[in-house]
Amino acid sequence: MAEFMHLIQLYSFMQRIQLTRKINGLLYYIRKIPLIGKRIPATIFQYYDIKHGLFILGAIVSILFKLLLKFIWIAVGVGIMILIKSITNFSGLNGPMVAGLILWFGAVPLLSRAIEGFMQSFYQSELDFINYFQIAPRDVLCMKTFVEPLRESLFYLPVFVVSAFILGNFWIVPVGLLGYLGFAAFFFYQARLIRMLAKWPRFVLSGSVYGAIIAALGLILWQNYFSIMYQVLFSFWGCLGLLLFVVGASLLLIHDDQESYSRVLMRTTGLFSESKKTKRETNAYFGEGLRIQKELQFVEGEKSQLKGNHYLNALLFTRYRAALNKSLKWRLLWIFVGGVGLTILMYFLPKSADNEKIFINQLPVLFFLMYLLGFGKKIVQILFINCDAALLFYPFYRKPKTILQGFYYRFWKTFYYNGILSVSILAMFLLVNIVNGFFLGGLFFGLLVFLLVSLSFLLSFHELFVYYILQPFSSDLAVVNPAYKIISGVFYWVAYMSLQIKSSGLIYCLLVSGVSLMHVAIGVIVIWKKAPQTFKFKG
């Protein structure tokens, strides 16, 4: 008991350390945000009253978020059952709440704990905790094995209480807690039994367990065993059986050799975690640029009439012309396949006077499509990896005139490739219209052209604009400006949310086109005034 209390105190200390690091990281990120960051002094990290207040606020938010997440898990199960019932008209689900509870029991205590058990490892934050505070790996492993599942199960307690109140069954509370704890201990122990096996036997055994759980859930759904499972599981006998199961699995786990298993985890996860993290970030922000770098072609004599910065940029695009054209051809092929498929589909669908209105309302999809196909991010990666990463060290390359000339040249080159994509999309809609009896009128094509032109300007300008204003990259291909990650995430979210708009296509096209052109116009002024100061090497 004394050792368990020690583990609880150590786990609480680790959680406080991790939350404190997040708060310090948040303050660091805020100080990097343009305009706002300059107003925050570097001594903010010394104001312990402010940090203590943020710590308390962060702890409250973290607890509330975890509680909300547990309710969402149950709600997802209930929602899936309601969806199945509405689609299939299957009336034998015995109540979506009961069916959703059984689905949750199979997905969370069974499947998720199986995955967590077989894939148990030390996270980077835990490795840092071990190294910085000289904590025994065995203690951290015991915290993950015994304390963390108990903590997570207690977060489910309000969910179980609410479910028990709705269904009028008190046994939901102890059965839910015992099921979560029992299967956590069971699968942690099973993972240790197979840990010493070779990679493929471990993969086959763990995959077989996942498959068996999914098959069992499928059988319950197919044969409508929800009522039987509910009556057996959430009862006195179900509670008693799970209690014995928890005791047996915990005893097996307690008497296992924690020391040797912790050494195994340290060897398998501690050696490569940081390198994998760096590799993932590099692939996320430089993957296209590094891949296309292998397709570099040296061309002698071309652009020799140009001089200075014009020559450098022209030579860069000349050497990568073949690689960029290859990417362009693949994009055009996908647009052609999509256009032909839409043409055939519309040919067999019944003709209606509302078809043009339907097509107008679907125009917001083009934002996300152009975002995925656009060349802005690809060209920025090529520019930094193959040109700017080396030349930004030199004073002549950081002169205002050189920076502005390079920006405008690169913008028009990016617009050239994105413009071809826009023209091809327009051509595909013309094909759809011609083959299917000219059901699309001038209003649709006017909006389409306006939207495509605006998106071509926006997607050609935005990535370069952010790149020149923030210049977030370092020589070792790391993102050193967190604002770049935030802006990239927000821009992706805006593009993705366009898929959710199912009406008001006319208003959307006018609004997005107007905002896009305004962003470009204002951005050009900002580039002219600020880029010579901001476009410099960050490390």
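Is Cys509 buried or exposed in this chain? Cys509 counts as buried, because its relative accessibility is 1%. Here, buried means under 20% relative accessible area, exposed means over 50%, and partly exposed lies in between, using a 1.4 Å probe and protein chains only.

Before we go on, a word about the model. This is a predicted model, in which local features need pLDDT of at least 70 and side-chain atom pairs count only at pLDDT 80 or more, while totals for chains, interfaces and linings use all residues. Residues are numbered from 1 along each chain as its sequence is written, and side-chain values use heavy atoms, with hydrogens and water left out.

**The whole chain**

The chain has 21 helices and zero strands. These elements are DSSP runs numbered from the N terminus: helices are H or I with at least four residues, and strands are E with at least two. Of the 539 residues, 42% count as buried. The accessible surface comes to about 28800 Å², and 71% of that belongs to carbon and sulfur atoms. Such areas come from the Shrake-Rupley method with a 1.4 Å probe; for residues, only the protein chains shown count as cover.

Contact means heavy atoms within 4.5 Å. Among contacts with a separation of 6 or more, 80% join residues 24 or more positions apart.

Back to cysteines for a moment. A disulfide is a covalent bond between the sulfur atoms of two cysteines. The search, which looks for pairs of cysteine sulfur atoms within 2.5 Å, finds zero disulfides in the whole structure. Cys239 is another buried cysteine, at 12% relative accessibility.

**Helix 6 and its two sides**

Helix 6 covers residues 157-167, and Val159, Phe160, Ser163 and Ala164 are buried there. Seen down the helix axis, the buried residues fall within an arc of 130°, so they line one face of helix 6. That arc is taken from the directions from the helix axis to the C-beta atoms. Phe165 and Ile166, on the other side of helix 6, are exposed. After the helix comes Gly168, with a positive phi near 65°.

**Two unusual loop residues**

Most residues other than glycine have a negative phi. The table shows two residues with a positive phi that are not glycines.

| Residue | Phi | Loop between | Relative accessible area |
|---|---|---|---|
| Gln134 | about 55° | helix 4 (124-133) and helix 5 (137-155) | 69%, exposed |
| Phe438 | about 55° | helix 18 (400-435) and helix 19 (442-470) | 57%, exposed |

**Helix 14 and its partners**

Arg331 is found in helix 14, which spans residues 321-348. With 14% relative accessibility, Arg331 counts as buried. Leaving aside residues up to four places away in sequence, Arg331 touches Leu372, Leu373, Gly374, Phe375, Lys378 and Leu421.

Tyr347 also lies in helix 14, but this residue is partly exposed, with a relative accessible area of 49%. Which residues does Tyr347 touch, not counting those up to four places away in sequence? They are Val435 and Asn436. Tyr347 and Val435 are 88 residues apart in sequence, with their C-alpha atoms 7.4 Å apart in space.

**A nonpolar patch**

Phe236, Trp237, Leu240, Leu243, Leu244, Val247, Leu251 and Ile254 make a nonpolar surface patch of about 810 Å². Patch residues have over 30% relative accessible area and no salt bridge; like charges are joined within 9 Å, and nonpolar side chains (Val, Leu, Ile, Met, Phe, Trp, Tyr) within 5 Å. A salt bridge is a side-chain nitrogen of Lys or Arg within 4 Å of a carboxyl oxygen of Asp or Glu. One of the patch members, Leu251, sits in helix 10 (residues 236-254) and is partly exposed at 45%.
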